[in-house]
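Colleague: Please pick one part of this model and take a close look at it, together with whatever surrounds it.

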Amino acid sequence: MSLSILLVEDEKNFALSLKRFLEGKGQEVYVCFDGEKGFNQFLELNPEVLLVDCRLPGMGGIELLKKAKELNPDLYSIVFTAFGSIEDAVEVMKLGSFDYIQKPIDLQRLGQLILKIEENVRLKREIDYYRKKEETSLIGSSQAIAQVKESIHKLASLSTTKTPPTVLITGETGTGKDVVARLLHRHSSRSKKPFIHVNCISLPENLVEDELFGHDQGAFTGAKNAKPGLMEAADGGALFLDEIGDLPYNLQGKLLTALETKKIRRLGSVKDRKTDVWIIAATNRNLFEKVNQGSFRQDLLFRLNVVSIYLPPLRDRKEDIPDLCHHFLKKFSIHYGKNIEGFKEEVIEIFLRYSWPGNVRELSHKIEQAVLWCEENLISLKHIRAGIKNDFNEIPSPKGDPIEKRTIVEELLQTKISLKELESELIKLALEKTEGNLSQTAKLLGVTRDWLRYRMEKKLLDA
């Protein structure tokens, strides 16, 4: 990778030789010879790194650095000086400069500093990429998903309170409950603190208590050192208890006590420890039924279910399927280095007819498989039916009478109606049939909700 570097140095020959040195290291370097022009170019370029001479004619290097850092606190900067003033060094470090180098410049040291900055920027880019990926991973424009997104933003804003409410996320397996939990944390004021995900069903029953609450030295045979539990590790952040319905009954009381008192006690300890943890739980079980069966504590259910978010199954929000398909196609095409442009129409049609018992997770896996099999520019039915026998082999291909369709088209042509008029009338008729429901209208027309809105705005049509 290369960095975008702005070099502000009034010694022109030195500046140009430094530019050649850095470009030889693969960096992208812009040069200015005075402070005012340097600041103007900073505003234009917004570089990742600022290399600046401490003493410049006009606007000095320290003043330039101060203004630049006010605009971009994450800016990396290295300051040069020919004087080696301790006061200058203290000043630039207070301003958050990455480092300070005395002239004549040690090029080897400068190269090492640039490599360190490059690594930091690379890591930040990766983190930003995955954060953005998480934030956009709840795909869909259906009313159900819009309500979930609204709940996420409302609840995330409450996380600034001293005691944010516990959240219970419910829904079938594969609907994306873990995505919602991560988005809650990501949008909250706790985003810079830990997010710890523990699947209650994946832990052996005899280890669940130790994992959640930790142990003191000597608590049991082999406990040579003390170990904090996950509730301590998540202090200040969020603990996501996935599949909470499978938490052993004998530990439910201890979890309830921890939620009520905001304190935990390690195994083998007599001392309580304070914790500030936002508890987010999820389940695909009916916890009220489990309470009636005697396998889940009613008081714990009430404590967890302060706020609930329900994620509907994919079969109940099929209007989101086209958007999800294109999202996963892009993701897996990039991952596997394929250049696949989209889906043949019958693929989306067959996806809309399928019941998706595995929900969004099943759709993701199916498209990943299709991408692996596809060597063309469009995914077709043969790609989604490739490999082992599956339910898609039982779904007949969409049928239609081509002769009947052709007759209808020929009749329309005889009316001399324009394509624009035909589109407008078709949209109006579909809106009438669905009583103005955009989601149902889009489904009826076989288009996305966003496309329908765009065409209605173009044609100034109202729902």
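Modeller: What follows is a description of one helix and of the sheet beside it.

The model is predicted, so local features need pLDDT of at least 70 and side-chain atom pairs count only at pLDDT 80 or more, while totals for chains, interfaces and linings use all residues. Numbering starts from 1 along each chain as its sequence is written, and side-chain values rest on heavy atoms, with hydrogens and water left out.

The helix is α2, residues 35–45, where helices are DSSP runs of H or I of at least four residues and strands are runs of E of at least two, numbered from the N terminus. Gly35, Gly38, Phe39 and Phe42 of α2 are buried, meaning under 20% relative accessible area with a 1.4 Å probe and protein chains only, as against over 50% for exposed and partly exposed in between. They lie on the same side of α2 because they cover an arc of only 100° around its axis, the arc being that of the directions from the helix axis to the C-beta atoms. The opposite face, turned away from the buried side, carries the exposed residues Lys37 and Glu44.

At the N-terminal end of α2, Asp34 acts as a cap, with a side-chain oxygen 3.2 Å from the backbone nitrogen of Glu36. After α2 comes Asn46, whose phi is positive, near 50°.

The cover over the buried residues of α2 includes β1, β2 and α3, counted by contact, that is, heavy atoms within 4.5 Å. β1 and β2 belong to an open sheet of five strands with parallel pairing, in the order β2-β1-β3-β4-β5, where two strands pair if DSSP finds at least two bridges between them. Its edge strands, each pairing on one side only, are β2 (28–32) and β5 (99–102). On average, neighbouring strands of this sheet are turned by 20° against each other, direction ignored; axes are lines fitted to C-alpha atoms, for helices over the stretch in contact, and angles run from 0 to 180 degrees between N-to-C directions.

β1 (residues 4–8) pairs with β3 (residues 49–53) in the parallel sense over four bridges, and within that pairing Ile5 has Val49 of β3 as its bridge partner. The other covering element, α3 (residues 61–71), itself lies across β1, β3 and β4 and runs at about 160° to β3. Helix α1 (residues 12–24) also lies on the sheet, across β1, β2, β3 and β4 (76–81), and runs at about 170° to β2.

Note on methods
Polar contact = N/O pair within 3.5 Å; in protein donor to acceptor, adjacent residues only side chain to side chain.
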